Amino acid sequence: MPWSSRPRAKQRWGNRPAQPAAAAAISGLAILFAFVLVLSAFADDKRLTVYSGATSYSLSVREKNGVDYVGLLEILQPLGSASARTDGRTWRLNYNGSDSEFSPGNTRARVQGQILDLPAMFLMENGRGLVPASSLPSLMQRLLRVPINFHEASRRLFIGNAAIHFTAQVNKTNPPTLVMNFTSPVNPMIATEPGKLRMVFTREPLVPPGSQTLTFDSPAIPSATFQENNGAAEIAVSGPVPLFASFSNDGRTITITPAPQATAHVPAPAAQPAVPAPAGSPAPQVSPGAAAAVASTAVQYFVVVDASHGGDERGAALSDQLAEKDVTLAFALRLRQQLQARGLTTLMLREGDTTMSLDQRANMTNAAHPAIYVCLHAASQGSGVRLYTALLPAGAEGRGPFLDWNTAQSGFHTASQTAETSVASELGKRQVAVRSLLAPLRPLNNITTAAVAIEVAPPAGKLAELNSPTYQQLVAESVTAGIEAVRDQLGAKR
Amino acid sequence: MIPRHLMIGIAAMLAVALGMSFYALRMRGRVAQTETPAEYAHPVSAPVQGPTEQVTLYVAYDDPGVLRAQSASIPLPAGRQERAQELLRALLALYLDNSSSHPLGPGAEVRDVYLVDPGLAVIDLNDAFADGHRSGVLVEELTMASLVQTLATGIPGINRVKILVGGRERETLAGHADLSGVYDVAAVSQMVAGLQ
């Protein structure tokens, strides 16, 4: 009889066609419910940020009976030696050797031997002691014995003298630049949207300027606003054109400029078609540490020039006095001059002696959507110029719209080789010895556009001439001519 | 007055103490003489057992900046992993020679080679290898290509190579050649073709 069970089962499903539809509907509802749950979880994610001279950190905030609560032990642990124990009726806190007592459901507490009235009841949840967020100024002042400044609406708690101030000023250069100087290094998350560049400071104790809205006498950058919300500070710079942000002075200065395609002084060739960004692409979001962003819907042919190394990272010691980072910067400045002289707009990733990680360089480049990325290196070995395209590592395949970070260049390798061939040809025309090679050289493999690295070695092995203006000029002219020659090919590919 | 037998005892003990001090000083001097000099302090690998075989080493030449295939006869053990180690040690012996075409820093060594997965080889270099390596795109690329290509040619079946330094992952060899990823042997062969 076991054989008969199979057709019977088939028949049962066959006679009830409505059941799969009901199952699908239930599944759909379950997915919708889960989606709503996830959304509501994110919506309720209230944060409180604590800034002290030594550290800054964020904590989640629990809302109970309309009052915001935070875990007291979690706040104190990063600041000193803190522990807690409970017998169910009393929650005892020891902070740096001093005891305090709290009673669940009670507003009165004994803090370091003195009575303190909390604005709402103390709560205990699975052994965690929760205090009302509004009690933090008096409570923390009593525990830490230093001045406390609490921005309650935005849930930002400043301990002692922790504060970063900033100034903002528009320089009326062409294009105009907004220069923001901070009293300590900052590393905000940068996001762009039409008409606005937003910098979100989650870790920095940035304090508001005299006025929440800063106005500038510049049509290109008319204003900036300062806001605080949910444990973070935000500066939003508005402008009628897409804006760039670049870092210098070890993160103490942020310079905001109109994006290259919007700058007035650079002549855009009339015949050059605009290169549209991928349809539906969101405004680029740059991770913390990345130093530039651009929001644009139509990007013209423009070049990112990356002077490799910089700051703490000196690169090769070309001689006793000559570091690779200095040669690459000098050469990059010369190359930018040449590119701009030919009407090719250019973004330099660093213009000073700044330390930047390889990921930052790749992030900045990919966010800017250039037609080509040129990375500059210098060497004392050999002679002439060596051009490199990426040797891609063994990596995962991209999934849908997401590219594997290590092999992101794979779809652009042909474009890179086109540019490399063109530059090699121009160098050859000017009697500069040139070799074209593959190289396992980051961040070439992370770049999502044509990407070429240029290693400049001294002419005929004479190291002293590596930094000579004549030689650098010759190479820069050749590279510029090579990049210009493939304008149509690279532009069309994007 | 101190009894005579006690004085004799004290004198005997003093004589023994003096004698032992003299003996200890002499022994210390001998140890200092026979102590191994610092430059030979690293462990010596066991002598290789196995027949001499003809192998191909991909040797870097800085002057024209190329990689050349070179035959060498070296004793190779039977095990794959041991063979891989000996291949790379033979290659490094060339680079550490005074007349090397591609000198490496003093003390550069291959700590180990692991064949951990079908097709994957992990080369573990010592810290002196990376710390003493010259910096530059081409010079670092030559080293990496030389190691990977020699290993992949000498040990069939290897199609991916990961390089560690001192047992840990490192971002670059000396500021340029990427060590964070896994080298694809087919891609490295393409790179080597350009370097020949």
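Before we look at a hairpin, we need its parts: helices (H or I, at least four residues) and strands (E, at least two) are DSSP runs, numbered from the N terminus, and two strands pair if DSSP finds at least two bridges between them. What we have here is a predicted model, in which local features need pLDDT of at least 70 and side-chain atom pairs count only at pLDDT 80 or more, while totals for chains, interfaces and linings use all residues. Residues are numbered from 1 along each chain as its sequence is written, and chains are lettered from A and ligands numbered from 1 in the order in which they are written.

Let me begin with chain B, which has 5 helices and 6 strands, arranged along the sequence as α-β-β-α-β-β-α-α-β-β-α.

Now to the hairpin itself, which is formed by S3(B) and S4(B) with 2 residues between them, and whose turn holds B:Gly119 with a positive phi of about 95°. Strand S3, residues 110-117 of chain B, runs antiparallel to S4(B), and 6 bridges join them; B:Asp117 is the residue that stands opposite B:Leu120 of S4(B).

Which strand pairs with S4(B) in the parallel sense? That is strand S5, residues 160-165 of chain B, over 6 bridges, and within S5(B) the bridge partner of B:Ala121 is B:Val161.

In a regular strand the side chains alternate between the two faces of the sheet. In strand S4, residues 120-125 of chain B, the covered face consists of B:Ala121, B:Ile123 and B:Leu125, whereas B:Leu120, B:Val122 and B:Asp124 make up the uncovered one.

Turning to where the chains meet, and taking two residues to be in contact if their C-beta atoms, placed from the backbone, lie within 7 Å, we find 22 residues of chain A in contact with 23 residues of chain B. On the chain A side, strands S29 (385-390), S30 (434-439) and S31 (450-456) each supply at least two residues, and S30(A) gives the most, with 3 residues.

Finally, a word on pLDDT, the predictor's confidence in each residue, from 0 to 100. Chain A has a mean pLDDT of 80, with 81% of its residues reaching 70 or more. Over residues 262-299 of chain A, however, pLDDT stays under 50, although the model has 93 contacts there beyond four places in sequence, while residues 37-43 of chain A, also under 50, have 0 such contacts. Where pLDDT is low, the predicted coordinates should not be read in detail.

Definitions and conventions. A residue is buried if 20 or more other C-beta atoms lie within 10 Å of its own, exposed if 12 or fewer, and partly exposed in between; C-beta atoms are placed from the backbone.
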